[in-house]
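Got your viewer open? Let's take a walk through this model, one selection at a time.

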Amino acid sequence: MANNITFILMKTADPNVGMLYEMIYNGGEVLSRKSLRKKVPYAKWNEDEKEVKSSHPEASVINKIIQESKNKFNSSGGVNFKGVDEDCFLEFMEHKLKKDRDDQTMNTSTLKKYNTIYKNLKNVLKSEKGIECLPFKMLRDRKFVEELRGLIRISQKRNSEFKSNSAWREYMSVISTFVEFWNQESKTPTPVETYYFTKRIGKSSKKKAAVLNYEELDRLIQYEPKGKMKRDEFPQRHAKNVFLFQYFTGGIRIQDALLLTNKQFLSNGVEIRIKKTGEARVFEYYYEMVQSLKTYFPDPYKKSIEKFRVKDLLLNGNVMRDICCIDDYENIVEMSISEFIEMVKTLEKSTDLNVKRVMDSLYQILKQIKEVVMKDFFESIRSFPIQFVFPYLNWELFKDNYKTPDRFTDNQLYQIHLATSRHNSNLKRIAKNLNITKITSHTPRHTLANNMNLQGAPITDIQNVLAHSSVLITQKYVQDRLINTQATKAVRTSHEELNKGKKPDLSL
């Protein structure tokens, strides 16, 4: 039965005048009485409406106090806590979360986490103990607390497996925090001891971050998204594009990729504004960036492919000499980029020794083509009105304070959180389809660091690329990946052998 509020006049020394009180009750039980410190003549009190009659000279003032008291009671959800052991912890936690949400005193992500813990606690108590109310007196019972700890430790998602120690400690810490809130707000003379809530819960051993080897990275590049329905493919395609863009842009963090705008593509590279540190870094262009972005800017990409001819390229003397040996040279220099690539694909199948001899020169032309297309593509999309590059966030929600990310609102931070969660979910699907280790939005950074390490890059170079403030952070990214230099050499040699004689990618 819900609590209710009413207003009454209590007796005073004057038999014609009463003192106005707020009274909260549940059924026949009075939970609290509080004086509103206003005296009202009985003749001026409307018992049915529970307010002062308009003929009273202070009617408007007193009725305003009554209304404010009602509003406060209603905003609390009708919950009243007396600071006694019979108060329900679940009701208190729900009431506190609602108040924090209404008052906006807690950021959105924290509120969401606390709500999840509250719901899980409520479900566990109902399903395992058959109780829907948890009196504070039960939280004084050390035996019950130990039993509760055991119930909380069991995962609700993974078929009764145990939570990690970190997750378990997180749950018990939050419960402990709300008990402390009650201790303070209820002014109970005997606070509930929370020491045993988290006692002896050690830290989880840290798992090594996921890293893709060269073969897995190549499989991801070639991956075509799958889904039960056509629309299921697009989220995976977006996730793949963002992942590869991160990798080829110095392993940038996911939030910096999601907040990337088309105006950050400069003449000499892409400028990444690092939200975590507040600094800006320019990263060299790679054609793989174009392949990650062409889906979102199809018209500029198509125009960049179609506008150039082979004759527009600045070819060196050796290359010019080689292509002059090919029949129909004049038609070759007039070819569009697409026509040239189709010709190269055909010539790759030729057994003619003269053709095989000039293939390296044709591949050099292809490389130069990609440079020209890349530069033109980024110049084109930079001329567009400002917008986010990847279709995860709404520019209209960020445009007013985009340049001050340290002042993002809770709603903006929540939108970034949601986008990151969706992105990670789709990466999980991709990893499952490729039968590779679970990958996340942070995997590109670890993969790039590991691959640079395998190729023999100094730790300071890796630190510079990842924009780490300390080399100690970078060392954590590459430590324990390879146990000795012989292993490093073996892996690097294996990678070189894998790519030896491999033909250049002819796709644009």
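Helices (H or I, at least four residues) and strands (E, at least two) are DSSP runs, numbered from the N terminus. You are looking at a predicted model, in which local features need pLDDT of at least 70 and side-chain atom pairs count only at pLDDT 80 or more, while totals for chains, interfaces and linings use all residues. Residues are numbered from 1 along each chain as its sequence is written, and side-chain values use heavy atoms, with hydrogens and water left out.

**Stop 1: colour by confidence**

Start by colouring by pLDDT, the predictor's confidence in each residue, from 0 to 100. The protein averages 85, and 88% of the residues score at least 70. Which element has the lowest mean pLDDT? Select residues 485-499: that's helix 20, with a mean of 55. At the other end of the scale is helix 8 (residues 254-258), which has the highest mean, 95. Where pLDDT is low, the predicted coordinates should not be read in detail.

**Stop 2: inside helix 14**

Now pick Val373, which sits in helix 14. Val373 is buried, with a relative accessible area of 0%. Here buried means under 20% relative accessible area, exposed means over 50%, and partly exposed is in between (1.4 Å probe, protein chains only). Add Val290 to your selection: the two residues are 83 apart in sequence, but their C-alpha atoms are 8.9 Å apart in space.

Next, go to Ser383, in the loop between helix 14 (353-382) and helix 15 (395-398). Is Ser383 buried or exposed? With 55% relative accessibility, Ser383 counts as exposed. Show Lys263 too: its C-alpha atom is 7.6 Å from that of Ser383, with their positions 120 residues apart along the chain.

**Stop 3: helix 13 and its buried face**

Select residues 337-348 to bring up helix 13, which has 12 residues. From its first C-alpha to its last, helix 13 reaches 17 Å, close to the 16 Å expected at 1.5 Å a residue; the expected span is 1.5 Å times one less than the number of residues. Highlight Ile337, Phe340, Ile341, Met343, Val344 and Leu347, the buried residues of this helix. Look down the axis of helix 13 and you'll find them within an arc of 160°, so they line one face of the helix. The arc is that of the directions from the helix axis to the C-beta atoms. An α-helix has 3.6 residues a turn, so residues three or four places apart point the same way.

Zoom in on Val344, part of helix 13. Val344 has a relative accessible area of 2%. Its C-alpha atom is separated by 7.2 Å from that of Leu362, 18 residues apart along the chain.

**Stop 4: helix 19 and the loop before it**

Which residues of helix 19 are buried? Select 471-478 and pick out Thr474, Tyr477 and Val478. They cover an arc of only 85° around the axis, which puts them on the same side of helix 19. Turn to the other side of helix 19 and you'll meet Leu472 and Lys476, both exposed.

Step back to Ala467, in the loop between helix 18 (459-466) and helix 19. Ala467 has a positive phi of about 60°, although it is not a glycine. Most residues other than glycine have a negative phi, and most peptide bonds are trans. Ala467 counts as buried, at 8% relative accessibility.

Arg37, in strand 3 (residues 29-41), also has a positive phi of about 60° without being a glycine. Arg37 counts as exposed, at 74% relative accessibility.

**Stop 5: two helix pairs**

Show helix 2 (residues 89-103) with helix 3 (residues 108-129): their axes come within 11 Å and cross at roughly 160°. Axes are lines fitted to C-alpha atoms, for helices over the stretch in contact, and angles run from 0 to 180 degrees between N-to-C directions. That makes helix 2 roughly antiparallel to helix 3. Angles under 35 degrees count as roughly parallel, over 145 as roughly antiparallel, 65 to 115 as roughly perpendicular and the rest as oblique.

Finish with helix 4 (residues 142-153) and helix 5 (residues 165-185), which pack at about 130° with their axes 10 Å apart. That makes helix 4 oblique to helix 5.
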